[in-house]
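Please read the following account with the sequence and the model side by side. The paragraphs go from the chain as a whole to its sheet, its core, its cavity and a few loops.

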Amino acid sequence: LTNKKNFTLLSLTNLSLFAYNMFAARSAFLCTQQIRTILSSNACKYRTMIPCIQSQFFSQSQLQTPVGKVWCDNVYVKESNLCARLDAKFNGAFARKDIQSGELIECGIMKRLPSDYDGMSDQFVFTWSDDIPNTTWAFGSGCATFYNTGRDTTNCKMIRHFDTDTFEIIATRDIKKDEELYHQYKSLEWRTCFKDLSEMAQ
(Lines give C-alpha, C1' and ligand atoms only; values in the text may rest on other atoms or scores of the structure.)
Protein backbone atom coordinates (compact mmCIF):
# COMPACT_ATOMS: atom_id res chain seq x y z
CA LEU A 1 0.00 0.00 0.00
CA THR A 2 1.24 3.47 -0.85
CA ASN A 3 -1.29 5.32 1.24
CA LYS A 4 0.34 5.64 4.65
CA LYS A 5 -2.96 6.19 6.48
CA ASN A 6 -4.60 3.12 4.99
CA PHE A 7 -1.45 1.07 5.63
CA THR A 8 -1.46 2.08 9.30
CA LEU A 9 -5.18 1.31 9.71
CA LEU A 10 -4.80 -2.07 8.04
CA SER A 11 -1.79 -2.88 10.23
CA LEU A 12 -3.74 -1.87 13.34
CA THR A 13 -6.72 -4.03 12.31
CA ASN A 14 -4.60 -7.13 11.63
CA LEU A 15 -2.68 -6.79 14.88
CA SER A 16 -5.86 -6.23 16.88
CA LEU A 17 -7.43 -9.40 15.45
CA PHE A 18 -4.27 -11.32 16.27
CA ALA A 19 -4.35 -10.02 19.83
CA TYR A 20 -8.02 -10.96 20.17
CA ASN A 21 -7.38 -14.55 19.16
CA MET A 22 -4.51 -14.86 21.62
CA PHE A 23 -5.89 -13.18 24.69
CA ALA A 24 -9.71 -12.88 24.30
CA ALA A 25 -11.67 -9.64 24.42
CA ARG A 26 -10.25 -7.91 27.49
CA SER A 27 -6.60 -8.67 26.74
CA ALA A 28 -7.12 -7.72 23.10
CA PHE A 29 -8.43 -4.32 24.20
CA LEU A 30 -5.32 -3.72 26.31
CA CYS A 31 -3.06 -4.92 23.50
CA THR A 32 -4.84 -2.64 21.01
CA GLN A 33 -4.19 0.36 23.23
CA GLN A 34 -0.49 -0.53 23.27
CA ILE A 35 -0.49 -0.87 19.49
CA ARG A 36 -2.11 2.55 19.12
CA THR A 37 0.63 4.06 21.28
CA ILE A 38 3.36 2.42 19.21
CA LEU A 39 1.79 3.43 15.90
CA SER A 40 1.39 7.04 17.01
CA SER A 41 5.01 7.41 18.14
CA ASN A 42 8.26 7.62 16.24
CA ALA A 43 10.08 5.35 18.71
CA CYS A 44 9.42 2.18 16.75
CA LYS A 45 9.24 1.78 12.97
CA TYR A 46 6.63 -0.57 11.52
CA ARG A 47 9.23 -3.23 10.71
CA THR A 48 10.27 -3.41 14.36
CA MET A 49 6.77 -3.06 15.81
CA ILE A 50 5.99 -6.77 16.08
CA PRO A 51 9.03 -7.65 18.26
CA CYS A 52 8.22 -4.68 20.50
CA ILE A 53 4.66 -5.91 21.01
CA GLN A 54 5.78 -9.51 21.48
CA SER A 55 8.19 -8.56 24.25
CA GLN A 56 5.31 -6.87 26.10
CA PHE A 57 2.60 -9.50 25.72
CA PHE A 58 4.11 -12.94 25.07
CA SER A 59 5.92 -15.32 27.39
CA GLN A 60 9.22 -16.88 26.30
CA SER A 61 7.53 -20.23 25.58
CA GLN A 62 4.88 -18.59 23.40
CA LEU A 63 7.59 -16.92 21.36
CA GLN A 64 8.89 -20.35 20.33
CA THR A 65 5.87 -21.08 18.10
CA PRO A 66 7.18 -21.54 14.53
CA VAL A 67 6.12 -18.84 12.09
CA GLY A 68 6.40 -19.42 8.34
CA LYS A 69 8.32 -22.04 6.40
CA VAL A 70 11.73 -21.20 7.83
CA TRP A 71 12.16 -20.95 11.61
CA CYS A 72 15.36 -21.24 13.65
CA ASP A 73 14.78 -19.02 16.70
CA ASN A 74 16.10 -21.73 19.02
CA VAL A 75 19.52 -21.85 17.38
CA TYR A 76 22.63 -19.71 17.03
CA VAL A 77 25.94 -20.40 15.25
CA LYS A 78 29.49 -20.01 16.51
CA GLU A 79 32.78 -21.95 16.36
CA SER A 80 32.18 -25.64 17.02
CA ASN A 81 33.40 -27.42 20.15
CA LEU A 82 34.85 -30.08 17.83
CA CYS A 83 37.50 -27.74 16.40
CA ALA A 84 40.13 -28.70 18.99
CA ARG A 85 39.68 -32.43 18.31
CA LEU A 86 39.98 -32.03 14.55
CA ASP A 87 42.61 -29.26 14.63
CA ALA A 88 40.46 -27.20 12.28
CA LYS A 89 38.22 -24.15 12.29
CA PHE A 90 34.53 -24.56 11.49
CA ASN A 91 31.17 -23.58 12.89
CA GLY A 92 28.51 -25.41 14.84
CA ALA A 93 24.87 -24.90 15.82
CA PHE A 94 24.02 -24.27 19.47
CA ALA A 95 20.84 -24.18 21.55
CA ARG A 96 19.70 -20.66 22.35
CA LYS A 97 17.59 -21.95 25.27
CA ASP A 98 16.81 -25.12 27.20
CA ILE A 99 15.03 -27.51 24.84
CA GLN A 100 12.93 -30.47 25.91
CA SER A 101 13.07 -33.94 24.34
CA GLY A 102 10.65 -34.06 21.40
CA GLU A 103 10.59 -30.28 20.98
CA LEU A 104 11.01 -28.70 17.57
CA ILE A 105 14.42 -27.04 17.30
CA GLU A 106 14.23 -25.78 13.74
CA CYS A 107 12.23 -26.20 10.56
CA GLY A 108 12.93 -25.05 7.04
CA ILE A 109 13.00 -25.65 3.33
CA MET A 110 15.40 -27.32 0.93
CA LYS A 111 16.42 -26.12 -2.51
CA ARG A 112 17.23 -29.01 -4.83
CA LEU A 113 20.44 -28.66 -6.81
CA PRO A 114 20.82 -29.51 -10.52
CA SER A 115 20.73 -33.22 -11.31
CA ASP A 116 24.37 -33.23 -12.43
CA TYR A 117 25.63 -31.69 -9.19
CA ASP A 118 28.16 -33.84 -7.32
CA GLY A 119 27.65 -33.42 -3.60
CA MET A 120 30.12 -36.10 -2.53
CA SER A 121 32.82 -33.53 -1.85
CA ASP A 122 30.59 -30.67 -0.71
CA GLN A 123 29.90 -30.84 3.03
CA PHE A 124 27.44 -27.94 2.91
CA VAL A 125 24.74 -29.73 0.90
CA PHE A 126 22.32 -32.41 2.04
CA THR A 127 21.59 -35.93 0.85
CA TRP A 128 18.05 -35.53 -0.41
CA SER A 129 16.82 -39.06 -1.10
CA ASP A 130 16.95 -42.54 0.41
CA ASP A 131 18.95 -43.86 -2.55
CA ILE A 132 22.45 -45.26 -2.13
CA PRO A 133 24.40 -44.12 -4.00
CA ASN A 134 22.59 -40.82 -3.72
CA THR A 135 22.26 -38.55 -6.76
CA THR A 136 19.89 -35.92 -5.35
CA TRP A 137 21.37 -33.04 -3.38
CA ALA A 138 19.83 -29.98 -1.75
CA PHE A 139 20.82 -26.83 0.07
CA GLY A 140 19.09 -26.11 3.40
CA SER A 141 17.71 -22.91 4.90
CA GLY A 142 18.38 -21.37 8.29
CA CYS A 143 21.09 -22.86 10.52
CA ALA A 144 20.69 -26.41 9.16
CA THR A 145 24.04 -26.37 7.38
CA PHE A 146 25.94 -25.82 10.64
CA TYR A 147 24.80 -28.82 12.69
CA ASN A 148 27.68 -31.22 13.22
CA THR A 149 27.44 -34.96 13.67
CA GLY A 150 28.36 -37.80 15.96
CA ARG A 151 27.10 -41.18 17.07
CA ASP A 152 26.90 -41.27 20.86
CA THR A 153 26.80 -37.48 21.10
CA THR A 154 23.71 -36.83 18.97
CA ASN A 155 20.97 -34.89 20.71
CA CYS A 156 18.61 -34.24 17.81
CA LYS A 157 17.48 -35.70 14.50
CA MET A 158 16.55 -34.29 11.11
CA ILE A 159 13.25 -35.41 9.61
CA ARG A 160 13.32 -35.04 5.85
CA HIS A 161 10.14 -34.52 3.82
CA PHE A 162 11.22 -35.24 0.27
CA ASP A 163 7.74 -34.69 -1.17
CA THR A 164 7.52 -31.09 0.06
CA ASP A 165 11.27 -30.29 0.17
CA THR A 166 11.04 -29.34 3.82
CA PHE A 167 12.69 -30.54 7.02
CA GLU A 168 12.30 -30.52 10.79
CA ILE A 169 15.00 -30.89 13.44
CA ILE A 170 13.69 -32.43 16.66
CA ALA A 171 15.38 -32.84 20.05
CA THR A 172 15.95 -36.53 20.92
CA ARG A 173 16.74 -35.72 24.57
CA ASP A 174 16.66 -32.71 26.87
CA ILE A 175 19.20 -30.11 25.72
CA LYS A 176 20.71 -27.37 27.85
CA LYS A 177 21.06 -23.77 26.77
CA ASP A 178 24.35 -23.19 24.86
CA GLU A 179 24.84 -26.93 24.25
CA GLU A 180 26.09 -27.79 20.77
CA LEU A 181 23.57 -29.57 18.55
CA TYR A 182 24.47 -32.81 16.77
CA HIS A 183 22.45 -35.11 14.55
CA GLN A 184 23.41 -38.26 12.69
CA TYR A 185 24.34 -37.39 9.13
CA LYS A 186 22.48 -39.56 6.65
CA SER A 187 25.59 -39.96 4.51
CA LEU A 188 28.25 -40.03 7.23
CA GLU A 189 29.53 -43.48 6.30
CA TRP A 190 30.03 -43.04 2.57
CA ARG A 191 30.52 -39.39 1.56
CA THR A 192 34.12 -38.48 0.88
CA CYS A 193 33.75 -35.02 2.45
CA PHE A 194 32.84 -36.66 5.79
CA LYS A 195 35.78 -39.07 5.96
CA ASP A 196 37.46 -37.27 8.88
CA LEU A 197 34.17 -36.86 10.74
CA SER A 198 33.29 -40.52 10.29
CA GLU A 199 36.63 -41.64 11.71
CA MET A 200 36.32 -39.22 14.62
CA ALA A 201 32.80 -40.45 15.43
CA GLN A 202 33.90 -44.10 15.67
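**A walk through the model**

At 48% relative accessibility, Thr164 counts as partly exposed, and this residue lies in the loop between β6 and β7. The model in which Thr164 is seen is a predicted one. Although Thr164 and Met110 are 54 residues apart in sequence, their C-alpha atoms are 8.8 Å apart in space. The same loop between β6 and β7 also holds Asp165, whose phi is near 55°, a positive value in a residue other than glycine.

From this loop one can step back to the chain as a whole. The chain has 202 residues, of which 37% count as buried, and it contains four helices and seven strands. Read along the sequence, these elements follow the pattern α-α-β-α-β-β-β-β-β-β-α. If one takes the contacts between residues at least 6 apart in sequence, 64% of them join residues at least 24 apart. The accessible surface of the chain comes to about 12,300 Å², and carbon and sulfur atoms account for 53% of that area.

The next topic is the sheet. Five strands form an open sheet in the order β4-β5-β3-β7-β6, with antiparallel pairing. The strands β4 (126-127) and β6 (156-161) stand at the edges, and because each has a single partner strand, one side of each is left without a neighbour in the sheet. Strands of a sheet pair through backbone hydrogen bonds, either parallel or antiparallel. Here β6 is joined to β7 (residues 166-171) by six bridges, the two strands running antiparallel, and within this pair Lys157 stands opposite Ile170 in β7. Between β3 and β7, which also run antiparallel, there are five bridges, with Cys107 standing opposite Glu168 in β7. Three bridges join β3 to β5, again in antiparallel fashion, and the bridge partner of Lys111 in β5 is Phe139.

Strand β7 can also be followed through one of its residues, since Ile169 lies in this strand. Ile169 counts as buried because its relative accessible area is 0%, which falls under the 20% cut-off. Apart from residues up to four places away in sequence, Ile169 touches Glu103, Leu104, Ile105, Glu106, Tyr147, Cys156, Lys157 and Met158. Of these, Glu106 is 63 residues from Ile169 in sequence, yet the two are 5.2 Å apart in space, C-alpha to C-alpha.

From the sheet we turn to the nonpolar core. In soluble globular proteins, nonpolar side chains tend to be buried together. The largest nonpolar core of this model has 19 residues, and those that touch the most other members are Ile105, Tyr147 and Leu181. At least two residues of this core come from each of β2 (91-95), β3 (104-112), β6 and β7, and β7 gives the most, with three residues. Leu181 itself, leaving aside its neighbours within four places in sequence, is in contact with Val75, Ala93, Phe94, Ala95, Ile105, Tyr147, Asn148, Asn155, Cys156 and Ile175.

Where is empty space left inside the model? Rolling a probe the size of a water molecule over the atoms shows where empty space is left. The structure holds one cavity of 30 Å³ or more, and the largest cavity has a volume of about 140 Å³. This largest cavity is lined by 15 residues, of which Gln123, Val125, Phe126, Tyr185 and Phe194 are the closest to its centre.

Phe126 appears again among the contacts of Thr145, which touches Phe124, Phe126, Phe139 and Gly140 when residues up to four places away in sequence are not counted. Thr145 lies in the loop between β5 (137-140) and β6, and at 15% relative accessibility this residue counts as buried.

Two further loops hold backbone details that a careful reader may wish to inspect. In the loop between β4 and β5 lies Pro133, and the peptide bond that joins Ile132 and Pro133 is cis, with omega about 0°. In the loop between β7 and α4 (195-201) one finds Asp178, a residue other than glycine whose phi has a positive value, near 75°. With a relative accessible area of 38%, Asp178 is partly exposed.

Notes. Residues numbered from 1 in each chain as written. Predicted model: local features only at pLDDT ≥ 70, side-chain atom pairs only at ≥ 80, totals over all residues. Heavy atoms only, no water. Buried < 20%, exposed > 50% of the residue type's maximum accessible area, 1.4 Å probe, protein only. Contact = heavy atoms within 4.5 Å. Areas by Shrake-Rupley, 256 points an atom, 1.4 Å probe, with all protein chains shown as cover. Pairing = 2+ DSSP bridges. Core = buried A, V, L, I, M, F, W, Y, C linked by side-chain atoms within 4.5 Å. 1 Å grid on protein atoms, 1.4 Å probe; cavity = no way out; pocket = protein on both sides within 12 Å on 5 of 7 lines; lining within 4 Å. Points joined across faces, edges and corners; volume = space filled by probe spheres on them.
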